[in-house]
Structures are given as structure tokens and as C-alpha cells.
Amino acid sequence: MKLRSLLQKVLRGLPYLGKEIRAQVSDHTPIFIGKPRVVHILRNAPCNARCIMCEFGYRKGADFRALFKSPLTDDIFPTLLQQIHELGGRGTMISYTAGEPLMCRPMFDWLEQARKLSLDLRFTTNGYLVDEEMARQLVAADMFNIGVSLESLDPAINEQIRPFPEGTAKTIRAIDLLLQEKQKHRSRLSINIKCTISQINIDAVVGILERWGKIDGVIVTPQMFEVQRDMPPAIKDKLWLTDLGKLEATMQRLKAMRNAGYNLNADDQALDSFVRLYRDDPQRQSSFVHKTVEDLNGHGCNIGTDNLFIVNGEVKLCPYYPALGNVLTDRATLKDMWYSEKAQKIRADIKRCRLLCTLSCLRRVPLSHKIKTFLKM
């Protein structure tokens, strides 16, 4: 990395470092000065795909149609972004999860508002809608990060999980187009390729890492398949990984590749937790929404110090804990809720939690790993 590029990254990283320092003070002293580093917005919204590990892939009838509708409507977002700015300030990341984000018509208006407020709005896409013009618009929007989901470079594998006509080629093309635009304009945009590891594609993340993992501005994030609510047994059986020996070998290979300079967004603790998730739950009782496996080596969770979740309007410090309030019905602002007495009580409960959370948006990672990952993005 050139010195100029490094200095630019350091300057851009100062607001995030400030939030990390606030979190450390809040976690280890009686003084709470934390601000959310990431605000996660999750809502129901349309999607153009029916991936089998997602509710869009197996819900039917009224249950399927309900996935398209949320009380958190588009018109609420400008006010919501303003409240996030008032709470978190410059450099707050907003992680938007809702169907296929690029189907959302006002998305580029939100990106522009976020840019003016010095917020970093990010989302994950399947890439099916990304053509040359869309790639140009996304890079021009000065996004900090965009996620792209891909389960394998091999269409025969990827499209078992993500059945879409020529979907693998479309996703790979989207990644390459974004990279071309990024390099053309020397953009700060980083591309986070996300791969969910399952029985079908356990080796695929290695190939993805080999293809893009040493390109400046690209990071690869592995994730383990976790059961969704009411998922049909046939899908569980198809995706649930049964060969623990192979899983352990894959994790060891990923560690070696990361140590060899590949841009992998997972430290040893995260990769080890992927194995524990399966090893300690042979009856498959744990799910995406109900955790059963305990992290016996854990030291408590501090996610409530620097993360905030807005789930279809409900405001939470962790998806598995009670809501602080609701942005649709309460007069209190996000700032009021974040610093409320109720929030402090829930933070204390969260710190006693020992459940194993392996999702990239939930797992805690050391500051040193965050810095290394940030510099590679």
C-alpha cells in the first residue's frame, strides 16, 4: 500500500477509532460514553431471488407475501438517518438489510443524504441488477463498503443455493464491474464478498479467496449456514454440514491463507467458533433466531456498547434481547433510547450472555483485527 493511500485510510479511520475508545471506556469503567459504531436497519422488503437458505426461498402464500411488507416504510428513512447522525455522529456505519437493497427506489437518495451527514451507509446485494451504469452510480455515491453474496465460483454449486438464471455469472460480473470503477476513480469503496459455508459448498470459500483475496479494497467474509425459523427439514438436511473433520481442515486452511496475506474477515476466534457451532449442537437445536450453543471460553458480550439494531421499527441493543422502544410509535428519539436507564439494564444483561454468536454482524472481534481489516479494505 502506498504511503498516500495509507494516510488517507488513517484519516478516514479516526472517527471509528474514536468510537472504539469510547466503547473501551464504557466497557471497563463506570462511565458510559459509548456511541453506536454500527446501526443495523433490518426490515421486510422485496427481493428478486429465492435462495434456499433464506425465508424467500421456502415461504409460500401469505407468509411469503408478508416478507415484502414492513411498517418501516421508505418515507421514514430521511428522519431516521437524521436521528442516527444526531446519536452517532460522523463515521457511524449504517448496515441496511432488507430483501435486495438495489430494488429499493430511494436507495440513491439515502446514500446521498448519508454522504452529506458523514454517515457510511452499506448493504449486501446479490449483484443481479449491477450493470455498467449501476456500478458507476454506486462508486460515485462514495460508499465506504458494499457486500456481495456469492456461495461458489462454480454455477453448479452456487445455483443450488442461489437458484437464478445465470446468477453466478451475474454476481461475478458485478464484483468485477465494481472493481473496475473503483480502480478507475481511485474510490474508497471496499467490496466485501460474503460466502455462507454449508454442506454443498464447504470448499468454495477457498476459491473465492484465491480469486479476489489479495486485491486491494476487497475483503472476503466467511459465514456458517444457520437454520432459519420454520425451515423445511429437506433444506436443513441439504445444507447442514456433517463432516466436522472437513470443516476443521477448511478452517485451518483459511487461517493459513489469512496469515499468507489473503484478505479474510475472520480471526482465529471466529473460525474456531464456526467449528464449535456444529460440534456442540449435533441435534441441530440452534438456529438463526434461537441460540443454544454456549461459548465456554467467552468473557461476556459488549455488543450493546457499540451496536444498535432497528428491526422493522423496534429498537434493540441485540436482536435476542427486549426492545428499547419503537421508532414508529414512541416519541423518544434514538438518542433518548440509547442513553436510557432501560438500555443500561439491558447492557448489563447482555454482558452476562455466553451464547455463541457466529454471524458477522454480531460476533465481537479484537480491535487489532478490526484495524488490520480496515487497512485492507
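**Entry 1: Arg59 and its partner**

I began with Arg59, which counts as buried because its relative accessible area is 11%, under the 20% limit for that class. I note here that I am reading a predicted model, and I keep that in mind throughout. I then looked for what the side chain of Arg59 meets, and found a salt bridge with Asp230 at 3.4 Å, N to O. This pair links distant parts of the chain, with Asp230 in the loop between β6 (218-224) and α10 (233-239) and Arg59 in the loop between α2 (55-58) and α3 (61-66), 171 residues apart. Asp230, unlike its partner, counts as exposed, at 61% relative accessibility. I also looked up whether further residues join in, and noted a network of salt bridges that links Glu55, Arg59, Arg229 and Asp230.

**Entry 2: two further salt bridges**

A search of the whole structure finds 25 salt bridges, and I picked out two others to look up. In one of them, the side chains of Glu226 and Lys291 meet at 2.5 Å, N to O. Here again distant parts of the chain are linked, since Glu226 sits in the loop between β6 and α10 while Lys291 sits in the loop between α12 (268-279) and α13 (303-306), 65 residues apart. Glu226 is buried at 8% relative accessibility, and Lys291 is buried too, with a relative accessible area of 7%.

The other salt bridge I chose joins the side chains of Asp268 and Arg258 at 2.6 Å, N to O. Asp268 belongs to helix α12 and Arg258 to helix α11 (residues 244-259), so the pair ties together parts that are ten residues apart in sequence. I recorded Asp268 as partly exposed, with a relative accessible area of 35%, and Arg258 as buried, at 15% relative accessibility.

**Entry 3: a cavity**

I turned next to enclosed space, where the count comes to four cavities of 30 Å³ or more. I looked up the second largest cavity, which holds about 40 Å³ of space. Which helix gives the most to its lining? I found that helix α5 (residues 107-116) does, with three residues. The lining includes Leu111, Ala114 and Arg115, as well as Asp142, Met143 and Arg188. Its residues divide into six nonpolar, no polar and three charged.

**Entry 4: a surface patch**

Last, I looked at the surface and noted a nonpolar patch of about 260 Å², made by Leu14, Leu17 and Ile21. Leu14 is found in helix α1 (residues 3-28), and at 44% relative accessibility Leu14 counts as partly exposed.

Methods. Residues numbered from 1 in each chain as written. Predicted model: local features only at pLDDT ≥ 70, side-chain atom pairs only at ≥ 80, totals over all residues. Heavy atoms only, no water. Patch = residues over 30% accessible without salt bridge, like charges linked within 9 Å, V, L, I, M, F, W, Y side chains within 5 Å. Areas by Shrake-Rupley, 256 points an atom, 1.4 Å probe, with all protein chains shown as cover. Salt bridge = Lys/Arg side-chain N within 4 Å of Asp/Glu carboxyl O. Helix = DSSP H or I, 4+ residues; strand = E, 2+ residues; numbered from the N terminus. Buried < 20%, exposed > 50% of the residue type's maximum accessible area, 1.4 Å probe, protein only. 1 Å grid on protein atoms, 1.4 Å probe; cavity = no way out; pocket = protein on both sides within 12 Å on 5 of 7 lines; lining within 4 Å. Points joined across faces, edges and corners; volume = space filled by probe spheres on them. Nonpolar A, V, L, I, M, F, W, Y, C, P; charged D, E, K, R; others polar.
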